[in-house]
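I'm starting a fresh page for this one. Let me pull up the sequence and the structure before I write anything down.

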Amino acid sequence: MNSPIIIRNIITLAVLSLLESIHFLVLTVLVVNYWRPLKYDPAVWNKYFPFLQSAIRPNHDFFFYHWWLVSAIAIQAVLVWYFRRSLQDHQLLRRLRAFMLNEAIFLFLLLFCVFKIILWGSPSWAWCLFYVVLVLSWVMRIFWPEFCKCGTFIYSFLQRFPYPKLLDGMLIVFLVLLIYPTDIKACLARMFTGDYFYQMDGFIMSAAWAFWSGCVMNIDVICMYGIGITASLSGLAKLMGALNYQNMLLVFIYIAVAYFISCYLFLRWWLNSFLLASIGIFLAIKFQMFHWGVAPFYWNFPNATVARYVFDIYFLALILAHIRSRSVWALRGACLCSGISLAYMMDTGTYQVMAFYAYLLILFFERVYIEKSALKGQIPLLGYVVGPVIIALSILRIIGGSTVFSRVYWHNAFEHVQIFLNGMGSLPIYQNISEGDFFAFFMGLFIPLVYLFSALYLASGYFLKQTRRENLFVVVLSVYGLGLYHYFVNRSAPFSYHAVDIPFVFVLMFWARKILSKAAPKLRHGILMGMFLASLGALLTNPLFTYYPNVFNLARPDWIPYKQFYSQEFHFEKEAQLIDSLTSPQEAVGLISSFDVEILMEAKRKPFFYYFPMLHSHFMNEDIFEVPYVNTQARMAKTLGQMEQAKPKYVFVEAKLFRGLLSRQYYEHFVSLRILMDYLHEHYEEYAQGRYLLALRRKGPL
Amino acid sequence: MNLIIFSSILSLIEAIQALLFVRLWGDISPFVTFLIFVAFVILGQCAALWLLPRRWEQESFRKSSRLYLYVEGVLLALLLSASYKLVIYDFQPQLAHRGLIAVMVLAVLNKIFWKQVNGFLILFYAFLADPANKTALSLLADAGFVVFIAFFIYVPDAHAVMARMFLSDDFHHWDLFMAPAWGYLKGCLPYVDIISQYGVGIPLEMGVGSRLLGGFNYENLFMLLVWVCIIYYVAAYVFLRSWLKSVPLVIIAMLIGLKTQMFHTGIAPFVFTYPSCLVLRNFWDVLFFLCIWGHLLTGRRLLLWAAALLSVLAEFNLVDTGVYLIGAFYVYLILICLMPDLRERFLMRRWAWVEMAGCAICVPLGVLGLFYAVVGQHTFTKLFWDNMAEYIVYFLAGHGTVPYSESFHYHFFWAAAMGLAVPLVYLASIMILGLLCYWRKIHASHVLVIVLCFYGLGLYHYYVARTAVTSYYVSGLPFIFVVCFWLQKCLERTSDQVRKKMLLSLSLFAWFCLWTNHQVLAYPNIFNISRNPMVDPLVTLPGPERTGYINIMFMKYGKDYKLPINSLGEKDEWLFTQKDFTSDDELKALYDHEFNFSEDAQLIDSLTGPNEKVPVLSSFETKMEMQADRKPFFYFSPFLSSVPMRMRIFPAEAVHSAAYLKKTLRQLREEKPSYIFMERILLSQTVPPAYQDDVPRLLVLVKYIRDLYEPFKYGKYLVAMKRK
């Protein structure tokens with residue numbers, strides 16, 4: 001081929017024609033479906049036998065196809081005729097570039113709306129957006145010069161925005177509005193109807209209630225996620241008035257708000273760009289809060305919220321501060337922070353400590369090999385090595401008392417970790433491909449590869465004096481990310497990597513900045529603006545987000561029936577009265593029932609059983625039952641041993657369980673239920689009854 | 001590439017390889033695996049940075065390292081691919097496991113003997129790239145690839161293939177072709193005496209072609225179709241070679257074409273199970289484009305007339321693809337008139353315009369002429385055209401169509417994107433090349449691509465109407481050709497070295513894609529690694545229930561759906577699965593035994609005259625009529641979808657609408673045949689209630705027969721019903 005100018009111009013016009021023709025097609029589909037909506041013609045339908053009638057799918061596809069072909073060629077002809085004198089013009093592409101870019105963006109938005117409409121059952125927000133985009137796209141065509149002027153004005157205004165701090169402030173307010181649910185009752189109702197507070201009870205509420213009712217953690221009652229998190233979060237809930245589900249949920253929400261605001265401020269400080277920081281925070285919120293692993297509702301899974309690793313952002317900020325300033329206070333702060341994290345939650349704390357050690361190692365090599373310091377001079381670094389452990393143990397001692405230094409405590413603390421490592425509940429990393437979830441699988445592989453590559457490249461680059469010292473921060477970040485990634489390694493459920501991929505977003509933002517720094521300023525700004533709008537759009541149009549009960553609440557579902565149901569079903573006054581009437585306030589109460597945590601909280605009694613909660617709650621009137629916690633023979637033996645040893649006078653049990661009113665399959669499947677009920681039948685007899693509970697009294701002399 | 005990037009990427013590659021080694025030899029917990037991986041990466045990086053910096057300064061070392069990285073990357077891709085197959089085929093992982101071991105051995109050998117491998121690769125590439133070897137290599141590649149196509153498509157054991165087809169879908173799709181072909185050979189006229197769903201010519205071509213191979217039967221027809229495919233793909237190779245020239249590019253196009261057209265999931269287990277999905281649909285198109293290309297190059301008028309003739313043959317062969325090819329021919333004629341270069345070349349002669357008009361007119365006339373040759377005066381009757389349009393009308397009314405949005409509903413986003421990309425590429429090509437040709441900015445021979453694109457847009461109707469996941473594969477060959485054309489144009493802008501390397505890499509990738517496709521591995525050609533490709537779980541496709549395809553459609557019927565006894569008066573249904581066969585010979589023996597209706601053929605023979613039309617209402621009616629050497633009676637043949645004769649259920653209805661039943665009953669009322677041969681199971685007095693919904697029209701027909709006819713004589717499966 002020769003004559004590159006005309007070829008380029010013709011290609012430009014062809015692309016423009018195709019864009020316009022698809023625009024036109026979308027409009028045609030809209031108009032035709034409005035004027036001649038698809039309907040089943042009885043005359044055609046009745047010609048077919050009943051079993052074939054379902055195969056009749058009338059559609060306008062042929063018409064649309066032909067229309068599209070004809071319109072594309074016609075538009076091309078018109079464009080060529082219109083630009084016939086400019087086909088040799090060097091500037092044609094330049095003149096059309098902005099218009100085409102806008103056309104492409106509008107087309108993308110239109111198709112995106114169509115996609116959402118088809119996929120998610122015509123949500124009203126998608127239709128609304130569709131019409132807005134459609135109207136805007138036609139306004140743009142008609143008033144293109146004015147549109148350009150307006151766009152230029154806005155662009156230059158944004159570029160020279162006189163109050164950059166105001167932008168930060170606006171974004172922080174936006175983040176609060178984004179995360180904070182306006183209807184807490186609806187959230188609770190959704191959690192209650194979604195999983196019966198199963199995750200909430202298992203993660204925090206049971207241990208929190210046990211802790212504040214005077215049980216010794218990991219001695220009297222199991223504490224799966226760490227004393228630190230239990231004591232601190234429940235303490236905050238108590239500070240808000242009382243330990244209950246609503247306050248605990250509010251604590252999680254406030255933590256998330258504070259965490260993401262901190263993330264934004266950190267990104268802003270680190271990357272020194274409003275746009276990059278905003279993109280990073282939008283992606284982080286989208287990935288962390290609105291991924292399918294936490295469907296249908298983020299707060300149903302408190303163990304997948306940022307409360308797991310709430311201190312990491314401050315730890316990372318301190319590391320960055322030390323890298324930038326070499327301030328010894330920053331290093332001490334990071335040491336303290338990692339120690340607090342270790343006490344707060346064992347696994348995420350460990351990863352922070354590992355990241356801290358990685359940083360210490362880098363410092364050591366830097367001083368020895370680059371700065372040529374004497375080895376002896378590095379001995380103080382050992383203090384930082386033991387620092388986090390000492391801090392963590394001190395905190396645990398303050399919260400947990402002297403039992404923290406007992407062997408039993410640590411054995412019990414790691415009991416469920418051992419079960420987990422044995423493979424209980426784990427999913428192989430290739431699980432996603434065997435289920436055809438290729439995207440999830442490749443993302444799962446991609447994340448550690450990015451971490452490793454970043455760490456290798458930047459660390460090597462620094463020691464070979466090819467990259468800046470500040471990039472060492474990404475090495476620490478990657479090491480921390482690799483640690484958090486263990487969450488996905490053992491349990492490779494689709495999208496579960498999103499629960500722990502905030503460091504990944506940060507690393508991506510770092511690379512984005514690095515790559516974009518090579519581009520011309522105008523192009524860089526354009527790309528960043530595009531990325532900003534795309535990430536914001538991706539967040540706001542995420543199906544989970546549209547159902548999230550914040551001020552935006554795009555899907556506007558009706559939560560009233562849920563709230564009514566929650567109010568009716570989630571109070572156990574009679575059960576609490578029954579327990580209260582038969583036990584003293586200091587007594588530990590043996591309760592085998594759904595919602596045992598709430599019932600004991602209402603009765604103000606501490607739990608008797610070590611494995612608390614014992615059951616996976618279900619609505620009291622449902623014929624469903626699960627025993628997720630007493631899942632090993634050792635645990636069963638321990639539970640029976642507790643009863644045999646303490647011989648409690650009364651045990652409270654859900655009537656349907658004791659009286660064998662459940663389907664037989666449950667008794668056959670859940671051996672632990674059968675054993676428990678056999679034991680109770682052998683040693684206890686019915687004594688009194690509440691609404692759902694039976695009070696069983698021990699047979700024979702006590 | 002600097003040392004840090006090189007060592008980082010290499011460390012990651014080597015660590016993943018090491019990880020796969022470790023995982024292969026022991027069931028290690030995910031945590032440990034992960035830690036090993038991280039440790040390998042860090043150690044690898046440290047080692048590289050420790051050992052390499054000085055040597056990295058040498059240009060030769062950097063070159064060799066880059067090649068090493070490339071080879072290791074390829075080996076890793078192969079390892080990951082084998083691991084992927086191991087996961088996907090966890091129920092029959094033998095083949096993937098062997099592949100994984102083989103690649104692992106290669107990976108180890110590559111590391112140990114890298115010096116030698118490096119030397120060999122450099123030598124090999126130099127040999128390939130040496131201009132002095134070009135002619136010989138091209139000749140060798142041409143001959144070799146044509147032979148490869150023949151061996152690749154050819155099926156040595158047609159008998160075994162027919163056996164599996166019989167036992168997997170009871171020739172359901174085949175009989176839609178066999179019945180009209182048999183009808184034609186016995187003197188029935190398509191669309192007059194017997195329906196032909198796909199066109200006027202296909203029954204004739206199949207019937208006559210099969211006879212030429214030794215007689216009209218299932219196996220000969222199968223071999224005919226195999227040869228049709230071989231000839232088509234060889235012709236496609238010749239066409240692409242003469243058009244695109246580049247041997248590696250043409251081989252890439254052919255390999256992708258073979259893979260997408262013959263080995264996609266929509267035609268599992270075997271492309272020949274569905275004759276309508278074979279290149280038989282569009283057999284004449286490749287020759288047509290060869291003629292167009294020849295005409296563009298040489299200007300020989302004969303080639304234009306040949307193209308016109310081929311489009312006529314295409315229409316005669318199959319209605320829809322014929323229309324598209326005729327459309328493409330008219331587009332070509334229009335382009336000759338529009339494009340200044342072509343106008344100057346072809347229309348400057350005296351009478352040239354008249355000749356063009358003649359070409360245009362001769363196409364419909366030719367089609368009519370061929371129709372007339374087959375159906376005679378009926379060509380000019382309304383009935384003939386109504387019958388021909390019957391299926392199209394149903395289709396346009398929405399019967400069997402799938403809307404475009406369906407792909408999104410089922411989250412088939414790749415299919416949806418491909419479905420959109422195909423016409424976009426066609427349209428963009430038409431727009432760009434059309435204008436460039438018009439303004440003489442490129443050579444007028446590029447008009448071929450425009451014609452190809454128009455034809456592709458025509459074929460794309462298949463996908464528009466039926467947007468099933470794999471529908472675009474069926475008519476995807478022109479798309480592949482056009483994409484390869486653009487690939488060539490892109491590669492022309494690169495240096496000779498880069499182009500050669502790119503083509504070599506793409507060609508290796510195409511071979512890899514072809515040979516790692518399970519359908520290719522299961523295909524019973526001479527390359528098949530099993531001696532029993534029909535039943536050996538090492539190669540056979542697992543099927544939706546992972547039990548293979550044998551009798552898969554009939555396992556779903558429960559007790560409530562079944563009658564007490566079958567046509568033989570027995571309870572045993574012989575519903576075997578793939579596991580019941582240890583060799584293809586067993587499969588063939590069962591096929592020979594079960595697909596023989598000589599007793600029923602004798603029954604028909606004894607009660608009807610040789611020229612009489614025989615109404616048979618049974619599974620495998622076509623085969624019975626063939627054995628009895630009688631012509632079919634019903635216009636809608638086959639009237640039923642066959643089920644195994646020993647099953648205790650009624651055959652399913654193959655008719656679609658109430659109009660079909662009316663027509664069949666009218667035939668019986670008007671012609672009043674003395675005997676109707678009916679499957680004995682249809683004499684059952686009571687049937688399960690579900691039959692009222694599933695086979696209501698069959699029940700009406702059976703009632704009609706039983707009211708007017710009575711059992712007269714019994715064969716093995718059939719009963720001769722005599723008019724009262």
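Below are my notes, from chain B as a whole down to single residues and the cores.

**Ground rules.** This is a predicted model, where local features need pLDDT of at least 70, side-chain atom pairs count only at pLDDT 80 or more, and totals for chains, interfaces and linings use all residues. Residues are numbered from 1 along each chain as its sequence is written, chains are lettered from A and ligands numbered from 1 in the order in which they are written, and side-chain values use heavy atoms, with hydrogens and water left out.

**Chain B overall.** I looked up the secondary structure of chain B and got 31 helices and eight strands. Here helices (H or I, at least four residues) and strands (E, at least two) are DSSP runs, numbered from the N terminus. Why call chain B as compact as a globular protein of its length? Its radius of gyration is 30 Å, close to the 27 Å that the globule rule gives for 724 residues, so the description fits. That radius is taken over C-alpha atoms, and the rule is 2.2 Å times the number of residues to the power 0.38. I also noted the box that the C-alpha atoms of chain B fill: roughly 105 × 80 × 45 Å along the principal axes.

**Inside and outside.** How many of the 724 residues of chain B count as buried? I found 57%. Buried means under 20% relative accessible area, exposed over 50%, and partly exposed in between (1.4 Å probe, protein chains only). The surface that chain B exposes comes to about 30,500 Å², with 65% of it supplied by carbon and sulfur atoms. Those areas come from the Shrake-Rupley method with a 1.4 Å probe; for residues, only the protein chains shown count as cover.

I then checked contacts (heavy atoms within 4.5 Å). Among those in chain B between residues at least 6 apart in sequence, 72% join residues at least 24 apart.

**Odd backbone spots.** I found a cis peptide bond between Ala268(B) and Pro269(B), with omega about 5°. Pro269(B) sits in the loop between α11 (247-262) and α12 (285-298) of chain B. In chain A, the bond from Phe612(A) to Pro613(A) is cis as well, with omega near 0°. The loop holding Pro613(A) runs between β2 (606-607) and α30 (633-646) of chain A.

Next I looked at positive phi. Arg440(B) is not a glycine, yet its phi is near 55°. I place Arg440(B) in the loop between α19 (413-438) and α20 (447-459) of chain B. Asn551(B), also not a glycine, has a positive phi of about 55°. Are these two buried or exposed? Arg440(B) is partly exposed at 41% relative accessible area, while Asn551(B) counts as buried at 2%.

**Cores.** A nonpolar core is a set of buried Ala, Val, Leu, Ile, Met, Phe, Trp, Tyr and Cys residues joined through side-chain atoms within 4.5 Å. The largest has 255 residues, and Trp243(B) and Phe272(B) are among those with the most contacts inside it. Which helix gives this core its largest share? I get α10 (residues 218-244) of chain B, with 19 residues. Apart from that core lies another, of 194 residues, including Trp209(A) and Phe652(A).

Last entry: leaving out residues up to four places away in sequence, Trp243(B) touches Trp293(B), Leu448(B), Val449(B), Leu452(B), Phe481(B) and Phe485(B).
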